[in-house]
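Me: I've got this structure open and I'd like to know what sits behind the labels. Walk me through the terms as they come up.

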Amino acid sequence: AETDATGLRTPIVAVLGHVDHGKTTLLDTVRGSAVQEGEAGAITQHIGATAVPLDTIGEMAGSLVDPDDFDLPGLLFIDTPGHHSFSTLRSRGGALADIAVLVVDVNDGFQPQTLEALDILKRTETPFVVAANKVDTVPGWNPQGHVPIQQSIDAQSDRAEGDLNDRLYGIIGEMSDNGFSSDMYWRVQDFRANIGVVPVSAKTGEGIPDLLTVLMGLSQRYLKEDMSVDVAGPGAGTVLEVKEERGFGTTIDIVLYDGTISADDTVVVGGKNEPIVTEVRALLQPRPLAEIRTEKQFEKVDSVAAATGIKVAAPDLDDAMAGAPVRVVRDRPVEEVIEAVEAE
Ligand code: GTP
Ligand code: NA
Ligand code: MG
């Protein structure tokens, strides 16, 4: 389970931004995976979910983070598509988010789906940071590998550093045009009043330690109260995908954003015609750092707590729908839970 002894819920971090600005590549760098390379047409077409444990964040952030300073269990990253035709999936991802990363290609600047993502973040009042990605494409850039961004900037020519700054100030200007005050993250004191801009390269790893540090700081500082919930209560989640799984028939991949789901629970799932009431047959958990979308080696577990991505095997899921709510019944009257699912 993705909870620690204090029962804090894992924060959900949505990754949003225009097509090809590097969202999946960024997550690949954090995971040490190559999900992006396997995507048809290099386009993300589904919402993904990846649990990143606190230990991994600590290792990746290096000297910038001391895991002992944090008591959140880690972060659950939600990957979203940037292609214009997937606006429903972007909204869904945004609705799940406790915090977000808006990925902006430093060469491309703000594009239509960057603005769409900003609107979602505004509407849902989600705190976020900007990852100013692809800094390695600045002419004359001298890649430094997986290091804090300041260390990399110190190793660049004055010209490359100047070029990068021009691009970063361009992004800060576009943020301002859209009603958001922002600055380089190292100058930001209050991350809700002033959005932090973190220069990164998803490809070379530069700035990734900074991004993880800022996200952990942001969640620890501003979300701790929201995360102090009854993680043992009846689970609530959203269906990401309805999939055939060998040996299990039709299954649903869900993001559980609240409470707990157990292998003997009755659940109500939003269906094409009416809510489906069914009994969980198996809970299949992706390994830590695995993208649920591409995972092949699920582990059977008895119970998981929010927030996490989990595959649920149960009878009668053929009419389940992506985006539909999932609710654990537990000791509540089933009619009440059906009504709640119908009302969503
Ligand atoms: P969608 O999910 O389809 O919206 O795209 P995305 O935002 O997930 O972008 P993706 O990770 O698919 O990357 C798009 C392209 O940009 C790929 O060819 C990546 O290799 C490249 N790319 C991503 N990040 C970087 C970076 O930091 N530097 C460089 N040079 N290329 C990058
Ligand atoms: Na892409
Ligand atoms: Mg992608």
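**Sheets, turns and a pocket**

Reply: Start with β2 and strand β3 (residues 74-79), which pair in the antiparallel sense over six bridges. Threonine 50 has phenylalanine 77 as its bridge partner in β3. A word on the source: this is a predicted model, where local features need pLDDT of at least 70 and side-chain atom pairs count only at pLDDT 80 or more, while totals for chains, interfaces and linings use all residues. Residues are numbered from 1 along each chain as its sequence is written, with chains lettered from A and ligands numbered from 1 in the order in which they are written.

Me: What makes β2 and β3 a pair?

Reply: Two strands pair if DSSP finds at least two bridges between them. β2 and β3 have six bridges, so they qualify. The strands themselves are DSSP runs of E, at least two residues, and helices are runs of H or I, at least four, both numbered from the N terminus.

Me: What is the strand order in the open sheet, and what is its pairing?

Reply: Seven strands line up as β2-β3-β1-β4-β5-β7-β6, with mixed pairing.

Me: Why are β2 and β6 said to stand at the edges?

Reply: Because β2 (48-53) and β6 (182-184) each have a single partner strand, which leaves one side of each without a neighbour in the sheet. Neighbouring strands here are turned by 25 degrees against each other on average, direction ignored. For such angles, axes are lines fitted to C-alpha atoms (for helices, over the stretch in contact), and angles run from 0 to 180 degrees between N-to-C directions.

Me: Which helices pack on this sheet?

Reply: Helix α2 (residues 54-61) does, touching β2 and β3, and its direction makes about 75 degrees with that of β2. Helix α6 (residues 158-177) packs there too, touching β4 (99-105), β5, β6 and β7 (195-199), at about 155 degrees to the direction of β7. Contact requires C-beta atoms, placed from the backbone, within 7 Å.

Me: How do you know that β11 pairs with β12?

Reply: Count the bridges: four join β11 (residues 266-269) to β12 (residues 276-279), running antiparallel, so the pairing rule is met. Valine 269 is matched with isoleucine 276, and valine 268 with valine 277. The hairpin joining β11 to β12 goes through six residues. β11 also pairs with β17, antiparallel over three bridges, where valine 269 stands opposite valine 326.

Me: Why is lysine 134 called buried?

Reply: A residue is buried with 20 or more other C-beta atoms within 10 Å of its own, exposed with 12 or fewer, and partly exposed in between, the C-beta atoms being placed from the backbone. Lysine 134 has 25, so buried is the right word. You'll find lysine 134 in the loop between β5 (128-133) and α5 (149-154).

Me: And why is arginine 330 called partly exposed?

Reply: Arginine 330 has 17 such neighbours, so it falls in between. Its place is the loop between β17 (325-328) and α9 (334-343). Aspartate 71, in the loop between α2 and β3, is also partly exposed because its count is 14.

Me: What makes the backbone worth a look at lysine 134 and arginine 330?

Reply: Most residues other than glycine have a negative phi, and most peptide bonds are trans. Lysine 134 has a positive phi near 70 degrees, and arginine 330 one of about 50 degrees. There's also a cis peptide bond from alanine 306 to alanine 307, with omega near -10 degrees. Alanine 307 sits in the loop between β15 (303-305) and β16 (308-313).

Me: How many residues surround ligand 1?

Reply: 22, counting those with a C-beta atom within 6 Å of it, and the closest are Gly22, Thr24, Thr25, Thr44 and Gly82. Helix α1 (residues 23-31) gives the largest share, three residues.

Me: What makes the chain agree with a compact globule?

Reply: The yardstick is a radius of gyration over C-alpha atoms, set against 2.2 Å times the number of residues to the power 0.38. For 344 residues that rule gives a value near 20 Å, and the protein chain has 20 Å, so the two agree. Buried residues make up 49% of the chain.

How values were computed:
Two residues are in contact if their C-beta atoms, placed from the backbone, lie within 7 Å.
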